[in-house]
Amino acid sequence: MGLGGCIILIAVGAILTFATDWDMQGVNLDLVGIIFMIVGLIGVATFSSIARRRRVVMPPTAPVVEERPRSGDGYNNGYGA
């Protein structure tokens, strides 16, 4: 289950808990909604910890620059600095 599925679980759970007034015999929809929200939050936490572990940050390497002597480069013809 990805991050989108977890967010959908949280949204469906919130809708069942707070936005409906249906009565089903033998099923407490408020409890089902709370369970969906808890499972969605656990999924988001698990997904974010796994995603953080997968991301490997490589430090940028500085390019090696070789400096050449400046004499005769065409700009100052070897005179001056």
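Colleague: Which residues make the nonpolar surface patch of about 250 Å²?

Modeller: Bear in mind that this is a predicted model. One member of the patch, Phe 47, sits in helix α2 and is partly exposed, with a relative accessible area of 34%. Patch members need over 30% relative accessible area, so Phe 47 at 34% makes the cut. The full set making the patch is Leu 3, Ile 7 and Phe 47.

Colleague: Thr 46 lies in helix α2, so how far is its C-alpha atom from that of Leu 3?

Modeller: Helix α2 covers residues 29-54, and Thr 46 is in it. Along the chain, Thr 46 and Leu 3 are 43 residues apart. In space, their C-alpha atoms are separated by 9.5 Å.

Colleague: Is Thr 46 buried, partly exposed or exposed?

Modeller: Its relative accessible area is 39%. Buried would take under 20% and exposed over 50%. Since 39% falls between those cut-offs, Thr 46 is partly exposed.

Colleague: And which backbone oxygen does the side chain of Thr 46 reach?

Modeller: The distance is 2.8 Å, and a polar contact has to be within 3.5 Å. The backbone oxygen on the other end belongs to Ile 42.

Colleague: Over to Thr 17: is that one buried or exposed?

Modeller: Thr 17 is found in helix α1, residues 3-18. Its side chain reaches the backbone oxygen of Gly 13 at 2.8 Å. The relative accessible area of Thr 17 is 14%, and because the limit for buried is under 20%, Thr 17 counts as buried.

Colleague: Which residues is Thr 17 in contact with, leaving aside neighbours within four places in sequence?

Modeller: Contact here takes heavy atoms within 4.5 Å. With the sequence neighbours set aside, the partners of Thr 17 are Asp 30, Gly 33, Ile 34 and Met 37.

Colleague: Zooming out, what share of the accessible surface of the protein belongs to carbon and sulfur atoms?

Modeller: The protein has two helices and zero strands, and 14% of its 81 residues count as buried. Its accessible surface comes to about 7,200 Å². The share belonging to carbon and sulfur atoms is 63%.

How values were computed: Residues numbered from 1 in each chain as written. Predicted model: local features only at pLDDT ≥ 70, side-chain atom pairs only at ≥ 80, totals over all residues. Heavy atoms only, no water. Helix = DSSP H or I, 4+ residues; strand = E, 2+ residues; numbered from the N terminus. Buried < 20%, exposed > 50% of the residue type's maximum accessible area, 1.4 Å probe, protein only. Polar contact = N/O pair within 3.5 Å; in protein donor to acceptor, adjacent residues only side chain to side chain. Patch = residues over 30% accessible without salt bridge, like charges linked within 9 Å, V, L, I, M, F, W, Y side chains within 5 Å. Areas by Shrake-Rupley, 256 points an atom, 1.4 Å probe, with all protein chains shown as cover. Salt bridge = Lys/Arg side-chain N within 4 Å of Asp/Glu carboxyl O.
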